[in-house]
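Let's take a walk through this structure together, a few details at a time. Keep the sequence and the 3D view side by side as you read.

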Amino acid sequence: MDSIDIEGIPDIRNYVPRSVKEAFAIQRALKERVSLENSFESISLIAGVDLAILKERKQLVCGIILFEFPELSIIDKVYSIVDEKFPYIPGLLSFREGPAIIEAYGKLEVKPDILILDGQGIAHPRGFGIACHIGVILDIPTIGVGKKKLYGTFDELGMVPGRYSPLYSKQGDTIGAVLRTKKNTKPVFVSPGHKIDLPSALEVVTECARGYRVPEPTRQADKYVAELKKEFL
DNA sequence: GCGACAG
DNA sequence: ATCTTGTCGC
């Protein structure tokens with residue numbers, strides 16, 4: 001039961017692991033499909049995602065907002081509400097939030113060139129954070145932007161916005177970067193998810209930093225989901 | 001056995 | 001994520 005036969009899973013998009021061991025196996029298998037090369041030619045559309053919990057209903061609300069890039073003007077908004085089927089376990093976030101994100105994404109009539117997710121990309125214990133997971137399953141470029149570190153080590157960075165410090169794996173590989181998006185404010189953790197390299201991911205996130213710590217697409221999605229939460233409480 | 005630990 | 005008052009910096 002060490003290695004999983006991914007091909008044998010009917011709907012990997014909504015598959016719920018029966019154990020942590022199985023979840024680990026799925027991540028190790030899907031990790032092989034991650035690409036760290038830019039697959040896009042230019043970026044004219046970008047989207048941000050965020051989720052909230054409807055505790056009473058035991059459901060998750062996911063909101064995705066599509067923006068024109070680099071203007072960052074809103075073009076569309078979609079959302080999904082899904083039953084909570086997997087708990088929050090550090091390192092296995094995608095199994096909890098993935099289904100809701102994928103369903104909402106499917107409702108977008110126009111797809112973005114890049115999707116920014118809350119959480120890590122390859123800066124993960126097994127190199128397969130939620131940004132990688134969503135990117136591989138949807139086969140689209142994704143970037144992971146976390147507010148906290150999950151994995152890796154780094155040196156302190158300057159206070160000037162735009163400054164960053166590489167995130168290193170235990171083996172010494174650069175797996176992401178800690179980016180200062182705002183003065184005198186804690187940095188964010190940026191790492192490639194799929195079909196994009198670190199330099200590009202950093203450029204995009206830096207470009208999306210508009211006066212706040214969290215990049216605009218994510219910040220807007222955050223507000224959107226907060227409203228949805230009230231509406232569906 | 002003791003820390004670390006995305007949202 | 002969520003709860004939750006006052007408080008510090010721009």
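## A loop with two oddities

Leu72 sits in the loop that links E2 and E3. Before going on, keep in mind that what you're looking at is a predicted model. The phi of Leu72 is near 65°, which is a positive value in a residue other than glycine. That deserves a second look, because most residues other than glycine have a negative phi. Is Leu72 buried or exposed? With a relative accessibility of 11%, Leu72 counts as buried, because the cut-off for buried is under 20%.

Pro70 is found in this loop too, between strand E2 (59-68) and strand E3 (74-83). Here the oddity is in the peptide bond: going from Phe69 to Pro70, the bond is cis, and its omega is near 5°. Most peptide bonds are trans.

## Another positive phi

Now step back along the chain to the loop between strand E1 (45-54) and E2, where you'll find Lys58. Lys58 isn't a glycine, yet its phi is positive, at about 55°. How accessible is Lys58? Its relative accessibility is 58%, so Lys58 counts as exposed, whereas Leu72 counts as buried.

## Rings that pair up

Next, the aromatic rings. How many aromatic pairs are there? The count comes to three. One of them joins Tyr79 and Phe232: the ring centres are 5.5 Å apart and the planes meet at 50°, so this pair is tilted. Tyr79 belongs to strand E3 and Phe232 to helix H5 (residues 216-232), so the pair ties together parts that lie 153 residues apart in sequence. As for accessibility, Tyr79 is partly exposed at 30%, while Phe232, at 19%, counts as buried.

Phe86 and Phe95 make up another aromatic pair, also tilted, with 5.8 Å from centre to centre and 50° between the planes. Both partners are tucked away from the surface probe's reach by the numbers: Phe86 counts as buried at 8% relative accessibility, and Phe95 is buried with a relative accessible area of 6%.

## Charges over rings

Tyr79 turns up again here. The charged end of Lys107 sits over the Tyr79 ring, 5.7 Å from the ring's centre. So what lies over the face of Phe24? That's Arg126, at 3.6 Å from the ring centre.

## Meeting the DNA

Finally, have a look at DNA strand B. How many residues surround this strand? There are 16, and the closest are Tyr88, Gly91, Gln120, Ile130 and Lys147. Sorted by class, the surface near DNA strand B has six nonpolar, six polar and four charged residues. You can also look from the DNA side: of the strand B atoms within 4 Å of the protein, 45% belong to sugar or phosphate, and the rest belong to bases.

Zoom in on a few polar contacts. In the side chain of Tyr88, an N or O atom is 2.7 Å from a phosphate oxygen of DNA strand B. Gln120 uses its backbone: one of its backbone N or O atoms lies 3.0 Å from a base nitrogen of DNA strand B. Leu93 has a polar backbone atom 3.2 Å from a base nitrogen of DNA strand B.

Conventions
Residues numbered from 1 in each chain as written. Chains lettered and ligands numbered in written order. Predicted model: local features only at pLDDT ≥ 70, side-chain atom pairs only at ≥ 80, totals over all residues. Heavy atoms only, no water. Helix = DSSP H or I, 4+ residues; strand = E, 2+ residues; numbered from the N terminus. Buried < 20%, exposed > 50% of the residue type's maximum accessible area, 1.4 Å probe, protein only. Near = heavy atom within 4 Å. Polar contact = N/O pair within 3.5 Å; in protein donor to acceptor, adjacent residues only side chain to side chain. Nonpolar A, V, L, I, M, F, W, Y, C, P; charged D, E, K, R; others polar. Phe/Tyr/Trp six-rings, centres within 6.5 Å; stacked < 30°, edge-to-face > 60°. Lys NZ or Arg CZ within 6 Å of the ring centre and 35° of its normal.
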